[in-house]
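User: Please take a close look at the pocket lining. Then place it against the rest of the fold.

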Amino acid sequence: IQIRCDGETSYEGGQGRVVFERNVHVEVNKDAIRLWADSLTMLLSKPANAPGTDAGAGAVGLFAAGAPKSIECLGRVDLATPSQIVFCDHAVLDLEKKNAVLRMDDKGAEVDFYSREAQGARLMRIRGRAFFRFAETGMTFQGGKRTLAPHEGELPQPRRLRGRLRGEGKE
């Protein structure tokens, strides 16, 4: 996992929590999953060789404190795989169970899920909470109230990249 942000990063060792603020960008497994969010909180599991234990005497770095267990994203959230992109306001990814719950803050708004498939691109709109399983090959819809529609053209770009691709600089 690679994480970059434009704001502050804080680590709460006692709870195994790391918080990243402002324009957070995450890459998992070399572009298998890319994620952009306004803020991100990562919970870490405490390994047997964590600092403070006999086995962890030489451990250094953030993940010496534990492996990533879950990620919660707030604000504008874009989640992309090579053939899919999702736009939502709140995402919780359980990295151990490999599932995700996505939703919008406005109860009337819909999570937009675009995917490119053999028969063409399509748009899935999900009201309320959307449940997904994820793997290196992409995300699979698991539940929620949805409507399906074909989508013409290319998949939309993540919001964080749109201006940069047109040469407009940072958004």
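Analyst: Strands (E, at least two residues) and helices (H or I, at least four) are DSSP runs, numbered from the N terminus. The model is predicted, so local features need pLDDT of at least 70 and side-chain atom pairs pLDDT 80 or more, while totals for chains, interfaces and linings use all residues. Residues are numbered from 1 along each chain as its sequence is written, and side-chain values use heavy atoms, without hydrogens and water.

Three strands each give at least two residues to the lining of the largest pocket: β3 (17-28), β4 (33-45) and β9 (120-135). β4 has the largest share, with three residues. A pocket here is an open set of 1 Å grid points where a 1.4 Å probe fits, with protein on both sides within 12 Å along at least five of seven lines; lining residues have an atom within 4 Å of a point. The volume is about 220 Å³, taken as the space filled by probe spheres set on the points.

The lining counts 15 residues. Nearest the centre of the pocket are V28, N29, I33, K98 and F134. By class, 11 lining residues are nonpolar, three are charged and one is polar.

Now the fold around the pocket. The protein has 10 strands and one helix. All the strands come before the helix, reading from the N terminus. Of its 171 residues, 39% are buried (under 20% relative accessible area with a 1.4 Å probe; exposed is over 50%, partly exposed in between).

The strands that line the pocket also feed the largest nonpolar core. A nonpolar core joins buried Ala, Val, Leu, Ile, Met, Phe, Trp, Tyr and Cys through side-chain atoms within 4.5 Å. This core holds 32 residues, and L35, L40, C73, L93, L102, I126 and F132 touch the most other members. Two or more residues come from each of β3, β4, β5 (67-81), β6 (84-94), β7 (99-103), β8, β9 and β10 (138-150). β4 again leads, with six. L35 is in contact (heavy atoms within 4.5 Å) with V24, H25, V26, L40, C73, D78, L79 and L93, leaving aside neighbours within four places in sequence. A separate core has eight residues, including A80, Y114, L123 and L155. In soluble globular proteins, nonpolar side chains tend to be buried together.

β9 also carries charged side chains. R127 forms a salt bridge (a Lys or Arg side-chain nitrogen within 4 Å of an Asp or Glu carboxyl oxygen) with E110, at 3.9 Å between the closest N and O atoms. This pair joins β9 to β8 (residues 110-117), across 17 residues of chain. R127 is partly exposed at 41%, and E110 is partly exposed at 23%. R125 meets D112 in another salt bridge, 2.7 Å from N to O. R125 lies in β9 and D112 in β8, 13 residues apart. R125 is partly exposed at 32%, whereas D112 is buried at 14%. E110, D112, R125 and R127 form a linked network of salt bridges.

β3 has a bridge of its own at residue 17. R17 pairs with E12, with the closest N and O atoms 2.8 Å apart. Both ends are partly exposed: R17 at 32% and E12 at 27%. The total is six salt bridges.

Conventions:
Ala, Val, Leu, Ile, Met, Phe, Trp, Tyr, Cys and Pro count as nonpolar, Asp, Glu, Lys and Arg as charged, and the others, Gly among them, as polar.
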